[in-house]
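Reader: Could you take a close look at a single residue for me and then place it in the wider chain? I'd love a connected walk-through.

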Amino acid sequence: MWNKHNPHVSNCLTMALITLLIGAGVSSAIGDETNLDARNLSQWRDMRFGMFIHWGPVALKGTEIGWSRGGQVPSEEYDQLYRQFNPTRFDADAWVKIAKTAGMKYLIITSKHHDGFCIWPSKYTDYDIANTPFKRDILKELSDACQKHGIQFSTYHSICDWYHPDYPLGSPGGRSAKPNPNMPRYVEYLKNQTKEIIDNYGPLGIMWFDGEWEKPWTREYGNELYDYLKKIQPGLIINNRVSKGRHGMAGTTKQSHLNAGDYDTPEQRVGGFNRERPWETCMTICRQWAWKPNDIMKSKKQCIQTLLQTVGGDGNLLFNVGPMPDGRIEPRQVERLEEMGAWLKLYGAGVYGTRGGPFKPGKWGAATCRNNKIWLYIMNWHTEDKLVLPPIEQRIVRSKTLGGGKAKVAQHGYGIEIELPKARQDEIATVIELTVDGQAIDIKPVDVPDQPAYLQARDELIRKWQDKRFGMFVHWGPVSLKGTEIGWSRQGPRRGRDRGGTGTIPMAEYDNLYKTFNPVKFDADEWAQIARDAGMKYMVFTSKHHDGFSMFDTQQTDYKITSKDSPYGKDICAQLAEACRRHDLALGWYYSPRDWYHPDFATENHQKYLDFYMNQLREIATNYGKLDILWFDGLDSPRNLWGDIPEESFKMLRSLQPDILLNNRGGLPGDYDTPEQRVGSFNRERPWETCMTICRQWAWRPNDTMKSKKQCIQTLLRTAGGDGNLLFNVGPMPDGRIERRQVDRLREMGSWLRQYGAGVYGTRGGPFKPGKWGAATCRDNKIYLFVMTWPEEGPLELPTLNRKVTKVRSLNTPPVKFEQTDEGYTIDVPTRSRDPIATVIRLTVEGNAFEITPIAIASTSNSLAFGKKANASNVFQKSSHYAPGMAFDDNAETRWATDAGTHAAWLEVDLGQPMTIDRVKIDEPQEYARVRAFELQYRSSGAWKTFHKGTTIGPDFSIRIDPITAQHVRLNILKATEGPTLWEFQLMGPKSSQKPD
């Protein structure tokens, strides 16, 4: 029953009882009056399909009921239509038979719409059916017919009334008001009429309200009316439009603990999957609710698929017809309903008395369930003859195809694969009944991706991986003996690549390094502990790189760590798998589809290599226990080399390891993207992971340039702030140890994360996008700001999030100065207190921070060149990721870069108008500090003039100059050891020109 002090209690009790009833396979076993709401709601949900009827004198005009009053039809004319309304061919028995033939189980008719006309003889108004030429009591005749044919009878009743003198508003949208309204008296009129309907035509199944959105109606009125009607007819079902909580056409109730109503009412759309809150889609068979001549009608396919999508979402469908002025339902609408009924006679077992799921409805189709049965209504196949559904824990013990043909159903680790030749597929929905070894309602509902399940990991697996945020990448193999790059330093043809090139080590020498490779100091537990100390949550290790050497005990080749010619002879992957489990690290294998050692790779015998490839994948996915990640690299060979292998490999891997994640380098999009040696761009829609080296080279190199503690930590923070993961690479030495200085750097990162990791792990990027200023992450109602670069003058200014900040806490500095206005927020910390890596500030906001639309922070440098048009003599591989503008975007995660072998280049910016410049700042990455001679120039009278010359640049380069006024400025690099690259190129001016108009 309704609890007016806390109606949410009633709704929760109702849902709990319904769940118990359905779960036990019983829908109407409760008889005591206190549980009437639960029993009646359960019985109503079992019905699934009802007829909605919008009808009244307006049928004479063929315009919309209520809404055309004062619009298409003048109010004076509209209000007099009832004097001509004489539907002599109305036959209640015929209407109910039509509904029954259609497979409908209940009927709801408009007793009174917004126009105020009453379709029954009401003692409270003369604006009713009794004062028409027809005079008969339509509600009475329909009520009797419904009882006769076993159809539940219900009424629609509008709360607003543009005709009644006491209701304050007189037209749609409140465009006009009445001179002497009396809302309390109107509410009494409304209560009297609804009681009259229940007394004369009840018991009703449902009282369906509408019109509650208008301002005169309040939540208090709604809750009072709900309570009033429940007392008159205990167990009466009342929709959510009795009160004020409905959210537009979506029909869902917000703040349900404050608003009355037993179920939600999405309108002209199928509601979202929801087993917790009962709902009913109301939809027209044509376009208009009331009858309209030659109105466009939905096809048989549209009608039936709408019903199936609704039931699959655990909702009911209230399907509307608009009878004609003479009282008949239009013959073509009758014919369409009869087609629906004929279809339901064949397949209705999966509609009535079922619950939605466990496979959520979508483009593919819909599913319902009852007891140990699941009905699949397949409307679209992933391919012409195949559909793959996500896996379920329960075992399928039997499958049955209803209708033509027999579908082949196979249950694999990656999901349920269903095959049926296209010629046998039903145009509306192929219906397949599955029997499982348990209660189907107990299976957790799951989304069905628009592509086969084996091509895409489940959302919860992606989220779990994203929560980890930080992993260790390890590139290692016999090549460490030479200190050169793994794979790429091997001489010889690079088969399968469009671009040529070769390495520095002769093939014969490279390919025999394994015979002297004996890493006796390798300790898998030590590696795992280093990763843990660094704050890393997973490890990805090179099981096989492009050079073809296998670091695991494969049976497909002798070119492996366990070969009889290997002095070490032990399975590295096996040791790492056991160590990762002991140290609670998720485990991944890097595996290269490319193989320059294998004699058949990218040759006329490539099919032999494909067999080898699939066999090796099976081994590494089978022999080492649970595998969390398979990190492909190198399937960029001509696509015709691979055929269906990418899809077959994904299918096999998901079958062997259902919870595995697969990246985007295996010939298919996979589960996530992999920007390399750069921080990816902000992206919450597509998961991503930056892979980056702690030094310059992937494999170990003596005295390789290593990133600073600041670079390492800021890279991680910018990655997390962009909503990505960081896979940070180390290259172990030939003896098996990770270089001590790399270990020390990783432990420095771990120490920092132990203090501030709450803003990294388990967070999402944003809502402030990363930039030169720093990065932000969020979780629940918390926002973590990692401020890395402060404005040269004044506080950090952040744009408004349209959320109130309720608390501010600095995690590594003294108290922070914070102000918020309608325009945004200002944050300041004394210069001496700012952390050199990142000042960490935690904001607490009202509501969920992740729901805030992400926003970029404008320039904090005040560079005159910020966002201006840029050009350059060379761009790395002509990639937009390294475009000239990347040096003028105040974003420390982007850079301008040039092709390898470039030893001279220029970078130019157009300021748009002449501006005064008195300072230049350039940020060249420490690990790519390649400039050896340069000059700064500006264009004057069509010629470039030099205003500064220098040799090296490096990070944080800054000079003051005698002021110049120019529109075009360039950095002319005269000499570089290798292709130059810059994070930022900034031009500053006097205060008066810092922010030009």
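Author: Happily; what follows starts with Ile837 and then steps back to the whole chain. Please keep in mind that this is a predicted model.

Let's begin with where Ile837 sits. This residue belongs to the loop that runs between strand S31 (824-828) and strand S32 (839-845). Is Ile837 buried or exposed? Its relative accessible area is 9%, and because the cut-off for buried is under 20%, Ile837 counts as buried.

Which residues does Ile837 touch, once neighbours within four places in sequence are left aside? The contacts are with Lys709, Lys710, Ile713, Gln714, Trp752 and Met788. For a sense of distance to another part of the chain, take Arg581: Ile837 and Arg581 are separated by 256 residues in sequence, and their C-alpha atoms lie 33 Å apart in space.

Now for the wider setting. The protein chain has 997 residues, 61% of which are buried, and it holds 17 helices and 40 strands. Its C-alpha trace spans about 100 × 75 × 50 Å along the principal axes. If you count contacts between residues at least 6 apart in sequence, 71% of them join residues at least 24 apart.

On the outside, the accessible surface of the chain is about 39000 Å², with 47% of that area belonging to carbon and sulfur atoms. As for charge, there are 129 positive and 119 negative side chains, and the centres of these two sets are 1 Å apart.

Definitions and conventions
Residues numbered from 1 in each chain as written. Predicted model: local features only at pLDDT ≥ 70, side-chain atom pairs only at ≥ 80, totals over all residues. Heavy atoms only, no water. Helix = DSSP H or I, 4+ residues; strand = E, 2+ residues; numbered from the N terminus. Buried < 20%, exposed > 50% of the residue type's maximum accessible area, 1.4 Å probe, protein only. Contact = heavy atoms within 4.5 Å. Areas by Shrake-Rupley, 256 points an atom, 1.4 Å probe, with all protein chains shown as cover. Lys, Arg positive; Asp, Glu negative; His and termini not counted. Charge placed at Lys NZ, Arg CZ, Asp CG, Glu CD.
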